[in-house]
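Here is a short briefing on one predicted model. Helix packing comes up, then the surface.

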Amino acid sequence: MTELTILALYGLLVILTLILQATGAMTQLGMGYLLGSRDEGRTVSGIAGRLERALHNSIHAMVLFAPAVLLIVITDSATNQSLLACQAFLLARLVYLPAYAFGLTGIRSLAWTVGLLSTALLYFLSL
């Protein structure tokens, strides 16, 4: 497994998060609202609301993680450390999604921190 493979797997995890979030929103808001112009703002709550927030956070994490991985690859800086950092990031994000969805705040915060620190390490390793 390479850093780029892990980036692709994380992309698939973000897509899964999007599908789960859309399914939850459809259950609460109805297909008519989701297919419409959505001029009137509506919000979702419970697991659907947490999945919406997890999706936004996952996209933000991708915005930071993807360039870090690409820098590692472009600068030919891939090492065992960079692979381990990518693996830690992916594992952390795999824990983050259900922890956020089910309201496990301590675990969610720990997973978020591990993901962020792993991403920061990738940037340092690319220098």
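How are H3 and H5 oriented to each other, roughly parallel or roughly antiparallel? They are roughly parallel, because their angle of about 25° falls under 35 degrees, the cut-off for that class. This is a predicted model, in which local features need pLDDT of at least 70, side-chain atom pairs count only at pLDDT 80 or more, and totals for chains, interfaces and linings use all residues. Residues are numbered from 1 along each chain as its sequence is written, and side-chain values use heavy atoms, with hydrogens and water left out.

**Overall fold**
- The protein chain has five helices and zero strands (DSSP runs: H or I of at least four residues for helices, E of at least two for strands).
- From the N terminus, the order is α-α-α-α-α.
- The C-alpha trace spans about 50 × 30 × 20 Å along its principal axes.

**Helix packing**
- H3 and H5 (residues 105–126) have axes 8 Å apart.
- H3 passes H5 in a left-handed crossing (near helix turned anticlockwise from the far one by less than a right angle).
- H1 (residues 3–29) packs on H3 (residues 46–74) at about 165°, with axes 9 Å apart.
- H1 and H3 are therefore roughly antiparallel (over 145 degrees).
- The crossing of H1 and H3 is left-handed.
- Their contact has 21 nonpolar, six polar and two charged residues.

**Surface patch**
- Ile47, Leu91, Leu94, Val95, Phe102, Leu104 and Ile107 form a nonpolar surface patch (residues with over 30% relative accessible area and no salt bridge, nonpolar side chains joined within 5 Å).
- Together they have about 640 Å² of accessible area (Shrake-Rupley, 1.4 Å probe).
- H4 (residues 80–101) gives the most to this patch, with three residues.
- Leu94 lies in H4.

Methods:
Axes are lines fitted to C-alpha atoms, for helices over the stretch in contact, and angles run from 0 to 180 degrees between N-to-C directions. Angles under 35 degrees count as roughly parallel, over 145 as roughly antiparallel, 65 to 115 as roughly perpendicular and the rest as oblique. Ala, Val, Leu, Ile, Met, Phe, Trp, Tyr, Cys and Pro count as nonpolar, Asp, Glu, Lys and Arg as charged, and the others, Gly among them, as polar. Patches are made of residues with over 30% relative accessible area and no salt bridge: like charges are joined within 9 Å, nonpolar side chains (Val, Leu, Ile, Met, Phe, Trp, Tyr) within 5 Å. A salt bridge is a side-chain nitrogen of Lys or Arg within 4 Å of a carboxyl oxygen of Asp or Glu.
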